[in-house]
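Let's take a look at how the aromatic rings sit with one another here, and at the charges that come along for the ride.

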Amino acid sequence: MSSIHSETIDGHWDNSSRGPIMNHGKRASQHTDTTHAPTAPSAKRLDRADIFHNCAGEFLGTAILVIFGAGVNCQATLSTSPGVAPSAKGNYVSISFGWAVGIALGAWISDVGDINPAITLARAAFRPSQFSLRKLEVPLYILFQLLGGLVGAAVVYGNYFHAIDIFEGGEGVRTLKTASLFGTFALDYMTSASSFFSEFLATMMLTLGVFAVKDEKYNLPDVATPLALFAVMLGIATALGMETGFAINPARDLGPRLLTSMVGYGGQVYTFRNQYWLWCPVIAPIIGAQFGALVYDVFLYTGDSSIISRLIHRYTSNRNTSAAV
């Protein structure tokens, strides 16, 4: 029987198949033949094959996230119309749980992928060694996350198409009243700065949770990641989600927003509040994730996989060398 082993990256062992949410791109290092090392071209082909596998996981995981999330949005809101359902089939609590289930199942089925461009960019910035083909992987993962969000929204839209017609008051009528079932829009009293900060804060909380659950010092099993994401998403939705709809994920918002612009909502989904779609559901989560990763690595992380810990180690080594001289 051949033994299965994992090669190391930067001197650290990766014992997972694809790796949890913080270990993308390392399945390529696994092979079942311990007697013959693969040639360089074979290893390169394995890297590419595994990147394709990971991209498929990002696509499916993000699609599942949006199917459950936009799906519960539609059911809870559209069912308030007597023409759609005899009684309401949900409320804000069910919406919060629906998104929490979506992120947990999406992460699980994606082989514990990021399913969020903001998290992918934070990992690329603070855990660069976890990308075997860094320049190729990051944009590919983000592209497939966006496509997954778009396709997931398309599935939900197809499922609730007739209910949307009834809710809107006519066949083919499409307004922001139902566009908000797919993309996120701030409440009327929220200023642009307040909306930005709300998304920044919520994404920072998400990133702290993600980086904590995958910190090697806790040695948590892979199954802990979907459970932790469920808890974090539920907390964000119930505590920080009212004002802007808790996008916290550019793919979760931009993918469905693209879909709405294709099916009759037009440019109004982009002109709302002078490019709100870009600053709050896209840029704010990206910056919030970067700041959350920075806070975690500066104050809490004790390993040596972070670029921050490497910079600190290099600075300490240089000081010790200077003192010795």
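## Aromatic rings

Start inside a single helix of this predicted model: Phe-197 and Phe-200 both belong to α6 (residues 192-213), three residues apart, or about one turn of the helix. Their ring centres are 6.3 Å apart with the planes at 25°, which is under the 30 degrees cut-off, so this pair counts as stacked. Phe-200 has a relative accessibility of 15%, and because buried means under 20%, Phe-200 counts as buried.

That's one pair, but how many aromatic pairs does the structure hold? There are ten of them. Among them is an edge-to-face pair, Trp-99 with Phe-246. This one ties together distant parts of the chain: Trp-99 is in helix α2 (residues 92-109), while Phe-246 is in the loop between α7 (224-240) and α8 (250-262), 147 residues apart. Are these two rings buried or exposed? Both Trp-99 and Phe-246 are buried.

Here are the two pairs side by side.

| Pair | Centre to centre | Angle between planes | Type |
|---|---|---|---|
| Trp-99 and Phe-246 | 6.2 Å | 80° | edge-to-face |
| Phe-197 and Phe-200 | 6.3 Å | 25° | stacked |

Elsewhere, three rings come together: Tyr-157, Phe-161 and Phe-182 make up one aromatic cluster.

Then there are the charges. Arg-127 lies over the face of Tyr-301, 4.3 Å from the ring centre. Arg-257 does likewise with Phe-185, lying over its face at 4.7 Å from the ring centre.

Note on methods:
Residues are numbered from 1 along each chain as its sequence is written. This is a predicted model: local features need pLDDT of at least 70, side-chain atom pairs count only at pLDDT 80 or more; totals for chains, interfaces and linings use all residues. Side-chain values use heavy atoms; hydrogens and water are left out. Rings of Phe, Tyr and Trp (its six-membered ring) pair if their centres lie within 6.5 Å; planes under 30 degrees apart count as stacked, over 60 as edge-to-face and the rest as tilted. Helices (H or I, at least four residues) and strands (E, at least two) are DSSP runs, numbered from the N terminus. Buried means under 20% relative accessible area, exposed over 50%, partly exposed in between (1.4 Å probe, protein chains only). A charge sits over a ring if NZ of Lys or CZ of Arg is within 6 Å of the ring centre and within 35 degrees of the ring normal.
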